[in-house]
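Here is my note on this chain. Please keep the view open while you read the points.

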Amino acid sequence: ITETADVGVAYIETRAEAVFGALAVLQKVAKHHESVDAVIVAAYGDPGVCAAKELVDIPVIGLTEATLAEAHLMGGRFSLVGISERIGVWYREVVRYYGFESRMASYRGLSKGFSNVSCVQQEKRQMLLNLCFACVDQDGADSIILCGAPLAGLAREITDQVPVPLVDGVGAAMRAA
């Protein structure tokens, strides 16, 4: 079952928007938990993940949790690359919550907007690549997490251009599930 939230925003960018996302996650988990083997919350920052884990007896996996675990297994320091500078503050808080702050080299996000979240990979590919290069060259990243569902699959497409391993959120969550 793949579903999108009935309420909230297309892309969570603030703590306040994450609260709406968490409510939507809890509603979906309550509705479907008996008919699935695991839940993947495909929103970076893991809105509602901790609360959903309290409600059900199946694995509930957030993209952040899964990517941090995978980057941790790679060793060294990791950076996060996302589609918004603004969201970096919240992402840093989530990384701290999961206990990986000392391993985080940096967060870098797009400074300019995009026309549609579903087209951000194509529209901003070179800028996203440049952010990855800066994470390695300026921040000393040993691996890079591409944050959020809007960047799902991008790691596979650009891995040969970036000199460190890339971690895809949806892929990491699927492997964890």
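1. Start with strand β5, residues 143-146. Three bridges join β5 to β6, and the two strands run parallel. Strands here are DSSP E runs of at least two residues, helices are H or I runs of at least four, and both are numbered from the N terminus. Two strands count as paired if DSSP finds at least two bridges between them. Within this pairing, Ile144 has Leu166 of β6 as its bridge partner. Leu146 is matched with Asp168 in β6.

2. A word on provenance. This is a predicted model, in which local features need pLDDT of at least 70, side-chain atom pairs count only at pLDDT 80 or more, and totals for chains, interfaces and linings use all residues. Residues are numbered from 1 along each chain as its sequence is written, and side-chain values use heavy atoms, with hydrogens and water left out.

3. Now the other neighbour of β5. Strands β3 and β5 also pair in parallel, over four bridges. Leu80 sits opposite Ile145 of β5. The whole sheet is open, has four strands and reads β4-β3-β5-β6, with parallel pairing. Its edges are β4 (104-109) and β6 (166-168), each of which pairs on one side only. From one strand to the next, the twist averages 20 degrees. As background, strands of a sheet pair through backbone hydrogen bonds, either parallel or antiparallel.

4. Two helices to check against the sheet. Helix α4 (residues 88-97) packs on it and touches β3 (78-82) and β4. The direction of α4 makes about 155 degrees with that of β4. Helix α6 (residues 125-137) also packs on the sheet, touching β3, β4, β5 and β6. Here the angle is about 160 degrees, taken between α6 and β3. Axes are lines fitted to C-alpha atoms, for helices over the stretch in contact, and angles run from 0 to 180 degrees between N-to-C directions.

5. Which faces of β5 are covered? Both: Ser143 and Ile145 are buried on one side, and Ile144 and Leu146 are buried on the other. Buried means under 20% relative accessible area, exposed over 50%, and partly exposed in between (1.4 Å probe, protein chains only). In a regular strand the side chains alternate between the two faces of the sheet.

6. Two β5 residues deserve a closer look. Ser143 has a relative accessible area of 0%. Beyond four places in sequence, Ser143 touches Ala71, Met74, Arg77, Phe78, Ser79, Val164 and Pro165. A contact means heavy atoms within 4.5 Å. With the same sequence neighbours set aside, Ile144 touches residues including Ser79, Val81, Cys132, Cys135, Val136 and Val162.

7. The core. The largest nonpolar core holds 54 residues. Those with the most contacts inside it are Phe78, Leu80, Tyr91, Ile144, Ile145 and Leu146. Helix α6 gives the most to this core, with six residues. Such a core is a set of buried Ala, Val, Leu, Ile, Met, Phe, Trp, Tyr and Cys residues joined through side-chain atoms within 4.5 Å.

8. Compare two arginines. Arg108 lies in strand β4 and is partly exposed, at 22% relative accessible area. Outside four places in sequence, Arg108 is in contact with Leu80, Val81, Gly82, Leu131, Ala134, Cys135, Gln138 and Asp139. The C-alpha atoms of Arg108 and Ser84 are separated by 8.1 Å, with their positions 24 residues apart along the chain. Arg156 belongs to helix α7 (residues 154-158) and is exposed, at 67%. The C-alpha atoms of Arg156 and Leu55 are 34 Å apart, and the two residues are 101 apart along the chain.

9. Finally, the chain overall. Its secondary structure comes to eight helices and six strands. The radius of gyration is 15 Å, which agrees with the value near 16 Å for a compact globule of 177 residues. That radius is taken over C-alpha atoms, and the globule rule is 2.2 Å times the number of residues to the power 0.38. Buried residues make up 48% of the chain. Of the contacts with a separation of 6 or more, 62% join residues 24 or more positions apart. The accessible surface is about 8800 Å², with 52% belonging to carbon and sulfur atoms. Accessible areas come from the Shrake-Rupley method with a 1.4 Å probe; for residues, only the protein chains shown count as cover.
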